[in-house]
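Work through the following exercises with the sequence and the coordinates side by side, and try each task before reading its solution.

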Amino acid sequence: MRIAVCIKQVPDTEARLRVAKDGRWIEEDDLRFVINESDEYALEEALRITEAHGGDVVAVCLGPDRAKEALRKALALGCAEAVHLVDDAYQGGDAAATATALAAAVRTLEADLVLSGSQSDDVGYGSTASLLAGHLGWPHAWLVMGVEIEDGASSTKVTREMESGTNEIFRMQLPAVIEVQAGINHPRYASLKGIMKAKRKPLATPSPADLGLESAAIGAAGSRIEIVDVSFPSSGDEAEIIEGDAEAAARSLVEKLQKEARVL
Amino acid sequence: MADAKTIWIVLQLREGGLHRMSREAIAAGQALAARLGARAEAVVLGAEVGDAAAEVAGFDLDAVHVAEHAALGAYTPGAYVGALAPAIRSAAPDFVVFPHTYQSVDYVARLAYEAGAAYVPEVVSFEDGEGELLFRRPVLGGKLQARVRVGGEGVAFLSVQSGAFSGDDARAGSAETRPLELGEITADREILGTETVGGDQVDLSKADVVVAVGRGIGKPENMPIVEELAATLGADIGASRPVIDNGWLPRDRQIGSSGQTVAPKLYLAIGISGAIQHLVGMKGSSTVVSINKDANAPIFTVSDYGIVGDLHEIVPALTAAIADAKG
C-alpha cells in the first residue's frame, strides 16, 4: 500500500502564548513548533500499516519554511518521501483552500489511503481532511481510534470514537481518507539511524503551477473564512487567584475551601 | 423584504427524540434568525421520524423539513450528505446551523464540500463587529478565542459548541412540517456495531471530590504527588485526555466529552489547561480549584479559586495543608 499522511506543524501545546501586535494571531517568533499531536498518531498508524501489509508512506505538509523540520522528522520516523507545499501562494488559507492544495498534491502520489490527524492544535477547524476526501471522491471517517486493513486492501474496518466512552465500528471501502484521533497508538521516537537516513530521502516542493493550481483557489486568496482577531477567553466571572508562595497559597486555599466554599 | 434570509437548523436525533444539543442548535438558530430578520427552518433526518418531527414542530420555527428514507436509519456520512447536499444546493439557505456533536463533525465538512458551503466549526457566540456579523470560536486548544468572518458568496455552515447556547432558550411555537425531496441515497459504511471503551470499572459520576490531572504533570513519575493529594482528600482521581493518551492513567479515568461527566462538590484541576472537550465533562462541579503555571489558561474561567505556579511545589504544599487542617 502507498499511504499519504497529511501533517501540520503547530506551536507546542505547552507554549506560553502571546497575542501578536496586530491582534489577528499569536506572536510566533519565539515559539517552538512541533508536528500536530493527532498527525503524529496518524504517521505512526500509517507506518504500522505499511510494516504489516507492505508499501510506503509519503508525508505531505502545507506550511511555511519552518515546516520542513516537521517533514524531516516524519522521514526520520520512517516515511519514504515528503512533499512540502511551501510556496507563499499556499499559505494563510482556511481549511477549504488548504484542502484544495493538499488534494492536488495527493493526486500526484497515487496513494491507496490518506491518513491525517482529526484536528489541528492551532486553528482547529477539524475539516481539512474531510474536505480533501470530497475532492478525491473517497469515503472518509473522523475521530478514528482503530484501523484494520482487510481483504487484500480493498476495505478497512474502522473504530470511531463517539460521545461518552462509546466507539462505533464499521467497514469502509478503500481508497479512503481516515482522520485519526490522538491515543490510537503509541508513536515511536526517531532513531539516530532514522535521522541520518532522513537527510538522503526525497523532499519535493511542488509549486502551485506544478500541481495545476490557480493561485486564486488556494491560500488566503482562496479562503472565505478569515480570523479577524484573537483574545484570551473570559467568563466575566474569573477565578479568585490566590497569591503567595506555594505554602502560603496552599494554606490560604484550604482556609477558603473550609470557610467560604465549605467543601472541606 | 425581497431578500429575506433563511436559516436552516439540521437536528440530530437520539433514540427517536431530539439530542440535547439539538435544542441548543434550535436556540442558536432562532437567535441568529432574530438578529438577521431571517426565517428559521429545521431539518429532521431518519428512517421514521414522525415523533421527532412532531416534537420539532412544537418550536417557534417557520417550517420543519422532514427527510425520511430507509438509508437514513443508521447514520453514515454517505447517506446524510446524499440527502442534504442537493437540498441545500436547491433551497440555498444563507446559513445552516448544526449542533457540534461527534456525528456532525464526522459529516458536516464533507457536506460543506458537496454543497459548496463555507464552514465555521465550534461556534460559541454570534457577535457584532462594527456592523459585521462575526463568529466566536476557540482556537489553540481553547487557550484563545478567535472571531472569524465569512466572506464570499454562498451558504455558510455553523456548528454550535455544546453548552454555548441554552436549550431552555429554544422558543416554543408551532411550525408546519413538509417532506424534503430526496434523490438517490446510499450508505458508505457497513455498520458492524458499537463497543464501550475502557469498561466501566470506575464510575466517577457520583464522586464527591475529584482530583483531575492534566498534561502539566509532565511525566508519569510525577503522579505520586497527585495520588497523595487525592488520598488525603479522600478523592477519586480523574484526568484530561492527554494523560490518558500517553498511557499514564487508564481510559476509564478520562473526564470530558469522550469520557465521563462528573459533578462533584469539589473539583481540583491540576495542570489542566481547560480545552472545551474537558470543560464539558466537569462544568457541573460545585466548587472548582485550578492549579496551573499559565495565568491565561482557560480552566481559570470556570474556576472559583486558582493558584498560578508550579504544580510540583504547590500540590505537595496543598496536601500538607489539608492534612494539617484535618488534624
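**Exercise 1.** Determine which residue takes a positive phi just after α1(A), and find out how much of the helix is enclosed.

*Solution.* In this predicted model, the residue just after α1(A) is G54(A), whose phi is positive at about 85°. Stepping back into the helix, α1 of chain A covers residues 37-53, which makes 17 residues, and it reaches 25 Å from its first C-alpha to its last, close to the 24 Å expected at 1.5 Å a residue. Finally, 13 of these 17 residues are buried, and therefore α1(A) is largely enclosed by the rest of the structure.

**Exercise 2.** Establish how β16(B) is covered and which strands pair with it.

*Solution.* Begin with burial, for which a residue needs 20 or more other C-beta atoms within 10 Å of its own: five of the five residues in β16(B), residues 266-270, are buried. Next, sort the side chains by direction, since L266(B), L268(B) and I270(B) point one way while Y267(B) and A269(B) point the other way. Then turn to the neighbours: β14(B), residues 209-213, pairs with β16(B) in the parallel sense over five bridges, with V209(B) as the bridge partner of L266(B). Strand β17(B), residues 287-292, also runs parallel to β16(B) and is joined to it by five bridges, among them one between V289(B) and L268(B).

**Exercise 3.** Trace the open sheet of four strands and identify its edges.

*Solution.* The order is β12(A)-β10(B)-β9(B)-β8(B), with antiparallel pairing. The edge strands, each pairing on one side only, are β12 (225-231) of chain A and β8 (125-129) of chain B. Neighbouring strands of this sheet are turned by 40° against each other on average, direction ignored. At the β8(B) edge, five bridges lead to β9(B), residues 132-139, where F135(B) is the bridge partner of F126(B).

Definitions and conventions: Residues are numbered from 1 along each chain as its sequence is written. Chains are lettered from A and ligands numbered from 1 in the order in which they are written. This is a predicted model: local features need pLDDT of at least 70, side-chain atom pairs count only at pLDDT 80 or more; totals for chains, interfaces and linings use all residues. Helices (H or I, at least four residues) and strands (E, at least two) are DSSP runs, numbered from the N terminus. The expected span of a helix is 1.5 Å times one less than its number of residues. A residue is buried if 20 or more other C-beta atoms lie within 10 Å of its own, exposed if 12 or fewer, and partly exposed in between; C-beta atoms are placed from the backbone. Two strands pair if DSSP finds at least two bridges between them. Axes are lines fitted to C-alpha atoms, for helices over the stretch in contact, and angles run from 0 to 180 degrees between N-to-C directions.
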